[in-house]
Amino acid sequence: MRIGELSRETGVAVPTIKYYVREKLLPAGRLTSPNQASYDDTHVRRLRLIRGLMDVGGLSVSAVREVLAAVDSPGPVHEVLGAAQDAITPPVTVRPAGLEEARRAVLELLRRRGWCIEPAHPSVEAIAVALAAFRGFGHGEFEEVLDAYAAACERIAVADLAFVGRHAEVDGIVESVVIGTVLGDAVLTAMRRLAHMDASARRYGEEGREAGEGAREVSGGPDTPS
């Protein structure tokens with residue numbers, strides 16, 4: 001297909017497609033004449049991946065470039081997955097007070113759970129920064145729920161890898177993990193909020209209604225003069 005057809009197929013404007021080619025995010029088409037290039041289904045798939053990472057995942061062009069480099073890198077599945085995860089994990093720049101103690105708490109969690117994680121993984125630092133911030137706000141007891149969080153994430157990870165394991169080729173597995181991690185994070189965040197609302201309604205909804213009814217009875221009801 002020509003670039004105009006590629007644009008119609010993917011919904012990505014022609015100037016944007018050319019920009020992605022210049023930025024080495026999208027392979028150039030096969031030249032059919034000095035001024036014409038041909039594109040195929042691999043370009044369609046790559047464009048959809050790029051747009052998903054940017055539009056839903058919120059990644060920058062440089063971050064997408066790193067992710068795509070990991071997707072395209074041959075090698076053992078676990079190593080390629082690690083490279084992809086590193087590429088999509090944003091760097092932590094803040095250094096709250098108590099960070100060292102929080103790091104120790106995270107490393108102890110990893111040891112307790114038996115997780116095969118390098119201590120220098122950027123997500124370890126991200127959790128440590130969050131824990132230090134919790135402590136700074138006077139909510140250090142949040143650490144008591146870390147194991148519950150970890151157990152839930154273990155189940156999610158098993159489900160994720162079972163899904164991506166349907167692909168036989170390394171590039172398909174890695175692409176699925178990248179998409180699943182970036183877009184799955186969006187799903188997980190939204191679903192967590194829905195679960196909070198449901199849990200709140202179940203735990204506090206009736207209590208709140210009863211408290212409101214009791215207050216109306218004590219005051220004589222909404223029609224009672226003040």
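Here's a quick rundown of the fold, the surface and the aromatic pairs in this chain. Keep in mind that the model is predicted. The chain has 226 residues, and its secondary structure adds up to nine helices and two strands. On the aromatic side, there are three pairs to look at.

**Fold and contacts**
- Going along the sequence, the elements run α-α-β-β-α-α-α-α-α-α-α.
- Take the contacts with a separation of 6 or more: 61% of them link residues 24 or more positions apart.

**Burial and surface**
- Buried residues account for 27% of the chain.
- The chain exposes about 14800 Å², and 58% of that comes from carbon and sulfur atoms.

**Aromatic pairs**
- The structure's count of aromatic pairs is three.
- One of them joins tyrosine 19 and tyrosine 20, with 6.0 Å centre to centre and 50 degrees between the planes, a tilted arrangement.
- Tyrosine 20 is buried, because its relative accessible area is 2%, under the 20% cut-off.
- Tyrosine 19 sits at 31% relative accessibility, so it counts as partly exposed.
- Phenylalanine 142 and tyrosine 149 pair up edge-to-face, at 5.5 Å centre to centre and 80 degrees between the planes.
- Tyrosine 149 has a relative accessibility of 35%, so this residue is partly exposed too.

**Aromatic cluster**
- Phe142 and Tyr149 also belong to one aromatic cluster together with Phe134.

Note on methods
Residues numbered from 1 in each chain as written. Predicted model: local features only at pLDDT ≥ 70, side-chain atom pairs only at ≥ 80, totals over all residues. Heavy atoms only, no water. Phe/Tyr/Trp six-rings, centres within 6.5 Å; stacked < 30°, edge-to-face > 60°. Buried < 20%, exposed > 50% of the residue type's maximum accessible area, 1.4 Å probe, protein only. Helix = DSSP H or I, 4+ residues; strand = E, 2+ residues; numbered from the N terminus. Contact = heavy atoms within 4.5 Å. Areas by Shrake-Rupley, 256 points an atom, 1.4 Å probe, with all protein chains shown as cover.
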